[in-house]
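Trainee: Could we go through this chain together, beginning with its surface?
Mentor: Certainly; please bring up the model.
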Amino acid sequence: MNQGTYEKVKEYVDQYHMIAPGDTVVAGVSGGADSVCLFLMLCQMAKEKGFPLVAVHVNHGIREEAPKDAAYVKELCGGRGIPFVLFEEDVKAYAKREHLSEEEAGRRVRYRALEETLVKYGMGKGGKIAVAHNANDRAETMLFHLFRGTGLTGAGGIKPVRGNVIRPLLCIEREEIEKYLGKEGISFCIDRTNLEDTYTRNRIRNHILPFAEKEICKRAVAHMCGAADLFLAADGYIRRQAGMACGRCIMEKSQDKIVLDIKKLEDEDPFMRKQILLQCLENLTEGRKDITSLHIEELVRLLQKQGNKRLSMPYGLKAEKEYGYLILCLKGRDGYGDEASCPLEINVGLPENPGQILELDIPGLGTAELTVLSKEKIPSFYNNSEIISRKTYTKWLDYDKITKSLIFRTRKMGDYLTINEKLSKKKLKNYMIEEKIPKDKRGSLYLLADGSHIVWVPGYRISEYYKITKDTKLILKVQIRGGF
C-alpha cells in the first residue's frame, strides 16, 4: 500500500477523532475512485485499530451500468472478507413522489441506507458512517456556497465530521486518489453522469476549478481547503461566543419556542446580535438549509419597527415582536395553544354550603379552589379589608353580586371589566393590550366570567364590581394552586 497517502489519511482521521474504540464503521462504496480509495484505507485501518467495517452500495436505478458497479463492489468486499450490503431504489420515482430534485433524492436515499445499516450492524452501540468526499469536493462545495451567498459555515465547505458522519479523504485531492489507486493496481468504476453538466456542482467541477488550477494557481484546491479550515475554526469560536450571548438574552426556551429580551439583544454588538438570532433559529429547526442571511436581516428590521409586529419564516417558523420581547416559535406549537384546541368553557357549580370547598382543574392555570364564606367568619376582614385581595392568585369576591352561573373560559367578543368605583367599563381586549399580556397568550388564558362580565383575569385583576364592600354578606374565595 502507498504509505505516503495512507499515512496522511490516517493522521487526518486521528486529528479529528473520527473513529473511537468500539465504533462500527459503515462505508458508502459506489465503486468510483474516491469510494474505492476510502474502502481500501478503511480496510487497513480496521486491521490496525480492530473496528468492524461494513460496505454499503446503493443502486439508484438510473444508469444502465449500475448492476455492474454493484457486482464490482460486492467482489471487492468478498476478496477482503468485508460484509456487503446492497440497497436498490428507484430514485427518479422517489424524487417525483417527494417533490425533490434527483440529486437531493439520491443523497437522502444513500444516507438512509447507511443509517439503517449502522443500526443493524452496530447493534445499538452506535458507530460512524464514512463517506468519500475529497479535497476537490470541499472546494466545489465552498464555491457553490459562495456563489449563492453564505456565511462562515458555508464558506468552510464540507466538514471533516458532522454528527456520526466522517470524511477521511478531505485531506487529499482527486488526482492523488487516482495516483494512489494506480500504484496499488486497483481499478474503479466511472460514473459518466459526473462528466455531464446537468448539475451546478458538475459545472464547477468540470470547468471552474480546472480553469482556476490551470490559469490562476496550480494549488488552488489546497489553498481553498486551507482557507476552509480557518473559516470553520472562526465559525466554531463565534458559535461559542454566540452561545454565551444567547444565555444573556434568552428569557424562555423550549423545544418549540424561544423568547428573547429585546433590550438585552440590542445591547450586543450588531454582528453578535445576528449570530444570536441565527443560533436561535437553528435550535428551533432540524437544520439551517433554508435559513439565509435575508431571513436574519428581516428579523433585524422587525426589531427596529415600532409597536408589535409579526413575521413568517421557513420551517413554519413565526417571529413576533411583543412588549419588549422577541418570540420565535413554530406555528401552532408556541406553548400557548390556541382557542380551537382548548376546551372553551368549564362551568362552576358553586358550593352549596358555606365552608364547602369545590376543586376544578383549569388548563394552563392549575387547580382552582372555590369556597363560599360568611363575612362574619373572616376576622381579618374587619381589621383590614384590603389585605385579603392583594394575593395574585387568591381573590375574594362579593358572592351576592353574581347573577349568572360562573364559568372559567377563554375570551369572547363583547367581554368587559369594570375598572373603577364608578364602574366604568373597559373592553377586555383593550385591558389585555394595556397590561401587555402577550398576544399569543390572550386566546388561551382562562378567565372567570359571569356572562360577558369578566369577574377575574387570573394573574392580574378582578372586576371592580365584584369587590367586597361593607354591605357584602357572603364572600366567594377563589384560589389557584399550581398555576404559572
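Mentor: Let us fix a term before the charged surface: patches are made of residues with over 30% relative accessible area and no salt bridge, with like charges joined within 9 Å and nonpolar side chains (Val, Leu, Ile, Met, Phe, Trp, Tyr) within 5 Å. A salt bridge is a side-chain nitrogen of Lys or Arg within 4 Å of a carboxyl oxygen of Asp or Glu. This is a predicted model, in which local features need pLDDT of at least 70, side-chain atom pairs count only at pLDDT 80 or more, and totals for chains, interfaces and linings use all residues. Residues are numbered from 1 along each chain as its sequence is written, and side-chain values use heavy atoms, with hydrogens and water left out.
Trainee: Which residues gather in a patch of positive charge?
Mentor: R301, K305, K309, K427, K429 and K439 do so on the surface. Lys and Arg count as positive and Asp and Glu as negative, while His and the chain ends are not counted; the place of a charge is NZ of Lys, CZ of Arg, CG of Asp or CD of Glu.
Trainee: Where does K429 lie, and why does it count as exposed?
Mentor: K429 belongs to helix 15 (residues 428-434). Helices (H or I, at least four residues) and strands (E, at least two) are DSSP runs, numbered from the N terminus. K429 counts as exposed because its relative accessibility is 55%, the classes being buried under 20%, exposed over 50% and partly exposed in between (1.4 Å probe, protein chains only).
Trainee: And which residues make the nonpolar surface patch?
Mentor: L146, F147 and I208 make that patch, of about 290 Å²; areas come from the Shrake-Rupley method with a 1.4 Å probe, and for residues only the protein chains shown count as cover. L146 is in helix 6 (residues 135-148) and counts as partly exposed, at 43% relative accessibility.
Trainee: How many helices and strands has the chain?
Mentor: There are 16 helices and 21 strands, and buried residues make up 46% of the 484 residues.
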